[in-house]
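Trainee: Could you take me through one part of this structure slowly? I'd like to look at the sheet and whatever packs on it, and then hear a bit about the aromatic rings.

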Amino acid sequence: MPDIVLTTLNARYIHCAFGLRYLMANLRQLQPRAQILEFDIHQRVVDVAERILSREPKIVGISVYIWNVAEATQLVATLKRLRPELVVVVGGPEVSHEVEQQQIGRDADYVITGEGDLVFAELCRTLLEQPPRRSAVQGESDDTATVAPRVIHASPPTFDQLALPCELYTDEDIAHRVIYVEASRGCPFECEFCLSSLDVPVRNVPLDKFLPAMQSLLDRGALQFKFVDRTFNLNIQLSATILEFFLERYRPGLFLHFEMIPDRLPSALRNRIEKFPPGALQFEVGIQTFNERVAESISRRQNNAKVEENLRWLREKTGVHVHADLIVGLPGEDLNSFAAGFDRLVGLKPQEIQVGLLKRLRGTPIVRHDKEWLMVYSPHPPYEILRTKVIDFFTMQRLRRFARYWDLVANSGNFFEATRLILGGLNGAEVNSSALPSGSPFWSFLRFSDWLYAETKQTHGIALERLRSLIARYLTEEMDLAPGEIAQLLRHEREVPRTTPRRQAKHLARG
């Protein structure tokens, strides 16, 4: 039985817990005494607790994120009720700030804030050498205190201090799950809505350490890599070398996901990017807003003209799958401003546009705008914006549904041609219909979104065939398009051969 259990609740089975593997790798001599147990948020907390307690550990380390904090809070409370002597340590982004305001921080024995790769190992060594006792409350006598403060603030480690966790991916992980890797940590930008703005300094993994780890994964059959670097193309020489490494080792099915700075694609990167075959690369680019006044107010630096040039180049000259992000509800951005930004982005033709509602992440300075812009957020994870001074609650709800339906219809790749028709024929043949709105993609899709919600009163649990039928009804009844042509069009919106991840493959097949 392990002395240490490392655990978390992933959003889905397909996601590997990258942070747990870093913790395990850096336990070093304690590794034989530790075990990773992964669960997902759809499992019952009491069943998760049973699995953990059946291992009879002395220490349980739990990674806490915005998507699992509710379940993790229940888990910690359950573990402590069943085994009060069990030492529970929590860490991760969600408990790295505002600890005193969170029940999970009060219930756990220890909270590690920041990057706990090394600090967790030190704490475990100390606890296993001495009988663990709950930390003293401030003001109590020293004889009741444990060997460490209850809240431990970890300083960012450098990569020469860290063991990389790549060898801890199992054969099952490689065969069935997303393989996460990183070539750097930190972010030099100060966007006020983002936790990464607090991660300084930027640190790069030495290439003589990183590339052999990637080679080992490739040799074991890994084909899909998701880089978690917040700014992969910040260091051009580093990113160019990594791209060249994978390009030289390309084989069918290789898929690389990077988060890229959208206005930074110099020739050193372009020369390599354009050599990859279609479908091999996915770039996640955070546009967030095209409103320069709003961007300035939240300390976001972005050259929009360069963004447009780079996105056009990616779509016209490469086979990169572009996933672009926009945020609803930023301080000072009203509905018309967001609509204009959405239309501008649609015109640049990224394969996917993720419309996300602003979240008040713990520790981020976005809260400084609360008073001026009357920002109201949900008190529950993921702490999404409910209303602002310029977007009321009911409009925000419409936009929430817009985002969900856009993902179901446009991003999914299941209704490529139907989406073009809903948007008024943008990027395709013009649709002659007096029922069309003004031609704006945003207002056209919002009209569809409002109609779809009126028909279904739901945003989740809509079966694919029912959605197909509803789209057909909208196109024929609301847009006056020929039923026969629509029926034929929807019959041809079918699965495509899967040479890359399914969603990307659908977009790839349709250009």
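Mentor: Let's begin with the sheet and move on to the rings afterwards. Keep in mind that this is a predicted model.

The sheet is open and has 6 strands in the order 2-1-3-4-5-6, with parallel pairing. Look at the two ends of that order. Strand 2 (34-40) and strand 6 (151-153) are the edge strands, and each has a single partner strand, so one side of each has no neighbour in the sheet. The sheet isn't flat either: on average, neighbouring strands are turned by 20 degrees against each other, direction ignored.

Now zoom in on strand 1 (residues 4-10), which runs parallel to strand 2 and is joined to that strand by 7 bridges. You can find the partners across the pair: V5 stands opposite Q35, and T7 stands opposite L37. How do you get from one strand to the other? Strand 1, helix 1 and strand 2 form a β-α-β unit, and that unit is right-handed.

On the way you pass R12, in the loop between strand 1 and helix 1. R12 has a relative accessible area of 49%, so it counts as partly exposed, a class that stops at 50%. The C-alpha atom of R12 is separated by 7.2 Å from that of I41, although the two residues are 29 residues apart along the chain.

Next, the helices on the sheet. Helix 1 (residues 18-25) lies across strand 1, strand 2 and strand 3 (59-63), and runs at about 175 degrees to strand 2. Helix 5 (residues 119-129) packs on the sheet too, touching strand 1, strand 3, strand 4 (87-91), strand 5 (110-113) and strand 6. The direction of helix 5 makes about 155 degrees with that of strand 5. Which residues of helix 5 are buried? They include V119, F120, A121, L123, C124 and L127. Their cover includes helix 1 as well as strand 1, strand 3, strand 4, strand 5 and strand 6.

Now for the rings. A pair of aromatic rings is described by the distance of the centres and the angle of the planes. The count here comes to 25 aromatic pairs. Take F245 and F246: their ring centres are 5.2 Å apart and their planes are at 90 degrees, so this pair is edge-to-face. Both residues are buried, F245 at 7% relative accessibility and F246 at 0%.

W406 and F445 make another edge-to-face pair, because their planes are at 75 degrees, with the centres 4.9 Å apart. W406 is in helix 14 (residues 393-411) and F445 in helix 16 (residues 441-456), so the pair ties together parts that are 39 residues apart in sequence. Both W406 and F445 are buried. They also belong to a cluster linked by ring pairs, whose members include F338, F342, F402, F442 and W443.

Finally, rings can have charges over them as well. The charged end of R401 sits over the ring of Y453, 4.0 Å from its centre. R185 lies over the face of Y22, at 4.6 Å from the ring centre.

Key: Residues numbered from 1 in each chain as written. Predicted model: local features only at pLDDT ≥ 70, side-chain atom pairs only at ≥ 80, totals over all residues. Heavy atoms only, no water. Phe/Tyr/Trp six-rings, centres within 6.5 Å; stacked < 30°, edge-to-face > 60°. Buried < 20%, exposed > 50% of the residue type's maximum accessible area, 1.4 Å probe, protein only. Helix = DSSP H or I, 4+ residues; strand = E, 2+ residues; numbered from the N terminus. Lys NZ or Arg CZ within 6 Å of the ring centre and 35° of its normal. Pairing = 2+ DSSP bridges. Axes fitted to C-alpha atoms, helices over the stretch in contact; angles between N-to-C directions. Contact = heavy atoms within 4.5 Å. Right-handed = clockwise from strand over helix to strand, strands pointing away.
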